[in-house]
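Student: I should like to work through this model with you, one question at a time. May we begin with the strands?

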Amino acid sequence: MRFSSYNTQGFYDEMFAENGKPRPHAGLLLETVESLSDGHLLRHKQAAERLLLQMGITFNVYGDAAGTERIFPFDLIPRIIPAGEWDHIERGLKQRVHALNCFIDDIYHDRKILKNGVIPSEVVLSAAFYRKQCHGLNPPRKVWCHVTGTDLVRGGDGRYYVLEDNLRVPSGVSYVLENREVLKRIFPAVFEGLSVRPVSEYPSRLLETLESIAPHAMASPRVVLLTPGIYNSAYFEHSFLAQQMGIQLVEGRDLAVDGGDVFMRTTKGLERVDVIYRRIDDDFLDPEAFRPDSLLGVPGLMAAYQQGRVALANAPGNGVADDKVIYSYVPDMIRYYEGADPILPNVPTYLCWRDDDRAYVLEHLAELVVKAANESGGYGMLVGPHSTAVQREEFACKIRAQPRNYIAQPTLALSRVPTIVDDHFEGRHVDLRPYVLCGKEIYVAPGGLTRVAMKKGSLVVNSSQGGGSKDTWVLSQGPAVGGQRQ
Amino acid sequence: MTTTYRPRPLLSRVADAVYWMGRYIERAENVARFIDVNQNLMLDLPHGFGEQWQPIVDTTGDRAAFLERYGEATQANVVQFLAFETHNPNSIYSCVLAARENARSVRETISSEMWEQVNSLYLLVALESRKTLAEGLPQFCREVRMSCHLFQGLQHSTMSHNEAWHFIRLGSSLERADKTTRILDVKYFILLPSVSDVGTPYDDIQWAAVLKSVSGFEMYRKCFGRISPERVVEFMLLDGEFPRALRYCIGLADNSLHAITGTRLGAFSCGAEQRLGLLRSELDYAQVDPILQSGLHEFFDALQQKMNTIDECVRGDFFAQRPLTLSADGLAG
């Protein structure tokens, strides 16, 4: 397969410059792909898909027939990020996660940022994921967001923007690790030629982060991963991470609180648990503290957490900063807590509770992307240019009824990467979700998950909406000298 | 600071799941073998013998469910019921599905190789269940059997022989013991009344089929040579070396149970160990003639009761949620 007929169609392309020439960091990969015989790449693609199915690397589709499992669509052409660009992203993410941590801690303590009028109180206290139960809590090391999966996009101007912070229970990192395994088998020579930074240390880093927040100093704290169970769409990832870290994968029914401590039920009786990496939402953690009808949670868990008997990652209540209205204030938070300008900018955001913004949004629905403040996964969203008049009217009603719950952003011309479509390459829009760990220090895993909108022209990359993924290569230095082999 | 080694505790839920995973894999393999051997037997018997498919259904203990759904025990009906019927909890399909669901819930406990194998087996059975078999039946049965063997081989060689491993073996050994006795129970009473056939080639063929149902034909020959019903019973129940003989399976289960609890062999620390130990010593010192004289049927009935009690004890001793006061390490830590 050749790139000769590939057309960037005026979008920012991660592989090709505006003049149609390959970008310097993409040269070696593009040459290698072109040198493969016809059918070679497609055979690899089919083999990779078979392998993923056999390994059971699948996700469950909600609302589909019971037991429907699909592999997460995966494209073989990676996205490559040069060293300099990555350095910029990494610094930006560290700054942002640090500021978000300060913000959440402040909100659950003195609320200085509200008192100083930087962010309106009513916006914060009305956030759907604000949890009054967390007021006054002091999580170990004052860390509230241990694992963050920030969504970045690159606009038509070539700059990276932060689209969402995803502080609660971000998923997808297992695909980063598995995609890399597949690509190393397909392009070994390119890996040798480009010095791609490895991603395999993520599980060890995650375990270190989790051990570092144990409530008491101990040689080997017992860390477990709490999953909603095998019917959860991210169950594969839960079991994969538990296996990679060598920790127990537990369900709510495996845990019990006794005398203020948390235990797991084993064949030999109860065994104490020190740190819980929970992959279930706040609302389901503990029926005594949150939703009383939750069957997934552990009665008494929040009380044990409040008394410092067990550590939870991520910390309950941190979702307050996931609200898309509060997101729009993150640059202000960075200036307030860090005393510096944000390294990574936000996407410009209109807040519908502001009268001026709302009037503008309602008039320009056909151009904007409208999002519900507390939805994720691509739900509750209107992509103006791709919408019908009926859909726009529906959203206009929603916005007028609940202005606090809606924001709007310009429709971004997301950057594209060549993607295999049948027997040729076409550009497809992508975003980037790097993973940031925060314990003793802040660590950004090199790369992250590049999500692809597999449908032609689509801007929605979520797996629940037909999105796929690509491997993401971060180079540890500039492109290899020459980069052009004959 | 020195890190002291702590054996990794096993969640009760996980122990339960791996135990049943072991049982279901073994059950699927047995059902595949029963179908295969019976199909093979039918080809050797003259037409006068009629179709003997009902006994196979009886071996899995699902006679009532079969009659209700299918009625007549034709080959096509029985194969469909035993191989693919989703409403039959003991069909190959249902067993493999259950084994896989259990494996999926403990994927971080078993090895990746084991998970991939049970997943491949599931994909195979799910694919075949959408086809019409007939011609492909022997090949399908063979693939299921080999796939199950491969799983057990991977279990042996890619997973640490830890507590969870012993729960898998406990499950598969008890299941195997159960299946061997069931096939003997059903076949013995069909074959015995046909006194006129004694000594005919067909009698030999039928008894050979019983032995083949437990992959024991060749091993039996090495021990006893000529086929006689008494010796077949002795071999299948009391042999100490053949891996599908009742006594051998019970011994293996007992060894695993002791490895789980840490109690020395010959002693007991819980109900399951006591019951299993009793059965083991009974079989260790049993002789076939007294069993036959006092009635094989009575023996099987009593055995079934003992096996059920052992299964209940295992559940109560290890899987059930116990009151919180039984804390193992108290407030240490």
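**Strand pairing, core and chain contact**

Tutor: In this predicted model, I276(A) stands opposite L312(A) in β13(A). Let us proceed from that pair.

Student: In which sense do β12(A) and strand β13 of chain A pair, and over how many bridges?

Tutor: The residue pair I276(A) and L312(A) marks where the two strands face each other. Strand β13 covers residues 311-313 of chain A, and its pairing with β12(A) is parallel, over three bridges.

Student: Which residue stands opposite I276(A) in the pairing of β12(A) with strand β7?

Tutor: Strand β7 (residues 223-226) of chain A pairs with β12(A) in the parallel sense, over four bridges. The residue of chain A that stands opposite I276(A) there is V224(A).

Student: Are the faces of strand β12 of chain A covered or open?

Tutor: Strand β12 comprises residues 275-278 of chain A, with V275(A) and Y277(A) on one side and I276(A) and R278(A) on the other. A residue is buried if 20 or more other C-beta atoms lie within 10 Å of its own. These four residues are all buried, and both faces are therefore covered.

Student: Which strands stand at the edges of the sheet β9-β10-β11 of chain A?

Tutor: This sheet is open, has three strands and shows antiparallel pairing. Each edge strand has a single partner, so one side of it is left without a neighbour in the sheet. The edge strands are β9 (255-258) and β11 (269-272) of chain A.

Student: Which residue stands opposite R265(A) in β11(A)?

Tutor: Strand β10 (residues 261-266) of chain A runs antiparallel to β11(A), and four bridges join them. Opposite R265(A) stands L270(A).

Student: Which elements of chain A give two or more residues to the side that touches chain B?

Tutor: The contact takes 27 residues from chain A and 26 residues from chain B. On the side of chain A, the residues divide into ten nonpolar, nine polar and eight charged. The elements in question are α9 (235-245), β8 (248-250), β9, β10 and β11 of chain A.

Student: Where does the largest nonpolar core lie with respect to the domains of chain B?

Tutor: This core has 221 residues, and A15(B), V18(B), A28(B) and I92(B) have the most contacts inside it. Helix α1 (residues 12-44) of chain B gives the most to the core, with 15 residues. Both domains of chain B contribute residues, so the core lies between domain 1 (10-159) and domain 2 (161-321).

Notes. Residues numbered from 1 in each chain as written. Chains lettered and ligands numbered in written order. Predicted model: local features only at pLDDT ≥ 70, side-chain atom pairs only at ≥ 80, totals over all residues. Pairing = 2+ DSSP bridges. Core = buried A, V, L, I, M, F, W, Y, C linked by C-beta atoms within 7 Å. Buried ≥ 20, exposed ≤ 12 C-beta atoms within 10 Å, placed from the backbone. Domains from an automatic or database assignment. Contact = placed C-beta atoms within 7 Å. Nonpolar A, V, L, I, M, F, W, Y, C, P; charged D, E, K, R; others polar.
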